[in-house]
Amino acid sequence: MSESAVSGVRGVSVAAAFAGMRSVAPVVFRAGCPDCRGRFELGAGALRLVLGASSRTTFYSFTCPECGAAVRKPAGERIVELLTGGGVRTLRLHTA
């Protein structure tokens, strides 16, 4: 490979191409606890999404940072889209 191909397209180096970019802020989701009524923000790593065969078996879950309760809430299509787009780990349930 030629040096110009390695350094970038049309003579632009990788360093120059990314010089103006800033770091991206992590995605944060707003959530609430039904037990303690706490309102807070959670990063993608604090949430889990489970995709079931139906809307009754599709939900997201997290542990309340204020009271420690395990929280499980239904996830409709829009919630699934937002959570997966935000990097939330997803478990797909297999149907028998």
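**Close-up views of a predicted model**

**View 1. The largest nonpolar core.** Of its 18 residues, F40, L47, L49, Y60, F62, L83 and V88 touch the most other members. At least two residues of this core come from each of β1 (28–32), β2 (39–43), β3 (48–51), β4 and α3 (77–85). Such a core is a set of buried Ala, Val, Leu, Ile, Met, Phe, Trp, Tyr and Cys residues joined through side-chain atoms within 4.5 Å, where buried means under 20% relative accessible area with a 1.4 Å probe, protein chains only. This is a predicted model: local features need pLDDT (the predictor's confidence in each residue, from 0 to 100) of at least 70, side-chain atom pairs count only at 80 or more, and totals for chains, interfaces and linings use all residues. Residues are numbered from 1 along each chain as its sequence is written, and side-chain values use heavy atoms, leaving out hydrogens and water.

**View 2. Around V88.** Leaving aside residues up to four places away in sequence, V88 touches F29, A44, L47, R48, L49 and L83. A contact means heavy atoms within 4.5 Å.

**View 3. The open sheet.** Its four strands (DSSP E runs of at least two residues) follow the order β5-β4-β3-β6, with mixed pairing. Because β5 (70–74) and β6 (89–92) are at the edges with a single partner strand each, one side of each has no neighbour in the sheet.

**View 4. Where β3 meets β4.** These antiparallel strands are joined by three bridges; two strands pair if DSSP finds at least two bridges between them. V50 has F59 in β4 as its bridge partner.

Notes
Buried means under 20% relative accessible area, exposed over 50%, partly exposed in between (1.4 Å probe, protein chains only).
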